[in-house]
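Visitor: I should like to take a close look at a single part of this model. Please guide me through that part and its surroundings in one connected account.

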Amino acid sequence: MEKDSDHILIKAIKQKPIERTPIWIMRQAGRYLPEYKETKNEAGGFIKLIRNPELACEVTLQPLRRFSFDAAILFSDILTISDLLRMELKFIENKGPVFDHPLSTQKDLDRIGKPDEIDKLHYVFETIKLIKKKLNNEIPLIGFIGSPWTVATYLVEGNSSKKFNKVLRILKDDKVFIERLLDQITEISINYLQRQVHCGVDVAMIFDTWGGLLEKDEYEKFSLKYIKRIKKSLDLKKIPLIYYSRGLKDKLENLGTLDVDVLGIDANLNPQIIKKKFGNKFSIQGNLDTEILKKDETEIVEGVEKVLSSFGHGSGHIFNLGSGITPDIDPEKVKLLVDILRDISPKYHIK
């Protein structure tokens with residue numbers, strides 16, 4: 001059993017010498033695995049699966065039996081905290097998350113009133129404890145939340161929108177409502193992530209998937225401001241924090257004052273740009289284009305080599321996809337990716 005500090009993922013985050021580049025992938029426990037589909041059906045659907053600690057633990061561990069990943073990530077969802085607002089979350093096949101009564105005005109917030117206590121999410125905390133016991137500290141466990149802005153987009157839109165017309169219109173017309181909603185989500189998120197840490201997660205992550213929707217000034221005011229508040233309020237101690245967002249290419253100026261350990265980036269941003277601008281301020285997570293996993297072995301090798309060479313020599317890089325893995329990916333391609341990385345990456349760490 002390794003000490004926390006001996007895990008290759010933690011060493012990479014801390015930019016300590018390592019022998020190869022570590023890897024995990026976003027949504028590694030999910031719909032591309034046939035065993036996941038079986039477990040979800042056994043649970044009676046996605047929501048029931050999240051709320052069943054034994055089965056959520058099982059799903060978290062499934063990819064680790066197939067692939068030599070360097071981290072597990074808690075099987076849950078960024079919208080779990082909607083339970084505390086008594087907003088019924090549904091997941092509809094091929095459509096995603098749906099809220100029948102989305103939020104639009106201050107009256108909606110008044111109707112919800114005070115959020116429920118964090119203990120209502122006991123099933124998540126029980127899942128974490130089960131996973132930690134099963135992992136036996138062989139690899140670290142990543143816990144996570146959605147950023148307040150990203151969670152707010154779903155609560156306002158009511159579904160997994162691709163255009164976000166409603167939330168962007170309300171942002172323009174009623175900033176006070178948006179700020180009050182973000183304040184409430186932020187307070188819940190602080191308590192939620194802190195409890196995950198207390199239950200044993202080794203790394204914390206904030207998914208700001210839709211931060212890229214915002215223009216530079218808005219991104220600072222309606223997204224980063226709340227990320228910073230969460231970081232400042234959390235008692236993370238030795239727990240590293242990863243911040244992931246899409247569309248950061250034109251927002252790098254905003255990131256200079258962000259106090260996180262790792263920047264997770266999408267496939268459209270060259271890691272070298274981050275390194276040139278910020279030096280070693282951040283470790284970098286990413287950023288292979290998921291579509292490359294639909295190609296043949298030669299192209300996957302080329303894709304891996306391109307990501308590794310764009311980061312360059314030395315520690316501080318966690319290999320990942322630029323976005324979550326999609327259901328149409330063959331698990332054998334994931335195994336191939338892991339094997340290729342283990343074969344190629346050591347040359348980037350030889351002194």
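How many of the residues of strand 6 (residues 241-245) are buried?

Guide: In this predicted model, five of the five residues of strand 6 are buried, and the strand is thus described as mostly covered. The covering applies to both faces: Leu 241, Tyr 243 and Ser 245 are buried on one side, and Ile 242 and Tyr 244 are buried on the other. As a general rule, side chains in a regular strand alternate between the two faces of the sheet.

The surroundings of the strand may be taken one side at a time. Strand 5 (residues 203-208) runs parallel to strand 6 and is joined to it by five bridges. Within this pairing, Ile 206 has Tyr 243 as its bridge partner. The connection between the two strands involves helix 10 (residues 216-233), which together with strand 5 and strand 6 makes a right-handed β-α-β unit.

Strand 6 also pairs with strand 7 (residues 262-264), again in the parallel sense, over three bridges. Here Tyr 244 stands opposite Gly 264.

Tyr 243 deserves particular attention. Leaving aside neighbours within four places in sequence, Tyr 243 is in contact with twelve residues that can be grouped by element, among them Ile 206 and Asp 208, which fall within the range of strand 5. Its contacts also include Tyr 219, Ser 223, Leu 224 and Ile 227, within the range of helix 10. Val 262, Leu 263 and Gly 264 are contacts as well, and these lie within the range of strand 7. Leu 255, Leu 258 and Val 260 are likewise in contact with Tyr 243.

The largest nonpolar core has 130 residues, and of these Tyr 243 and Leu 255 touch the most other members. The largest share of this core, eleven residues, is supplied by helix 9 (residues 175-199). In soluble globular proteins, nonpolar side chains tend to be buried together.

The parallel pairing can be followed beyond strand 7. Strand 7 pairs with strand 8 (residues 283-288) over three bridges in the parallel sense, and Gly 264 has Gln 285 as its bridge partner in strand 8. Strand 7, helix 11 (residues 271-278) and strand 8 make a right-handed β-α-β unit. Strand 8 is mostly covered too, with six of its six residues buried. Strand 8 in turn pairs with strand 9 (residues 317-321) in the parallel sense over five bridges, where Ile 284 stands opposite His 317. From strand 8 the chain passes through helix 12 (residues 297-311) to strand 9 in a right-handed β-α-β crossover.

Technical notes: Residues numbered from 1 in each chain as written. Predicted model: local features only at pLDDT ≥ 70, side-chain atom pairs only at ≥ 80, totals over all residues. Heavy atoms only, no water. Core = buried A, V, L, I, M, F, W, Y, C linked by side-chain atoms within 4.5 Å. Buried < 20%, exposed > 50% of the residue type's maximum accessible area, 1.4 Å probe, protein only. Helix = DSSP H or I, 4+ residues; strand = E, 2+ residues; numbered from the N terminus. Contact = heavy atoms within 4.5 Å. Pairing = 2+ DSSP bridges. Right-handed = clockwise from strand over helix to strand, strands pointing away.
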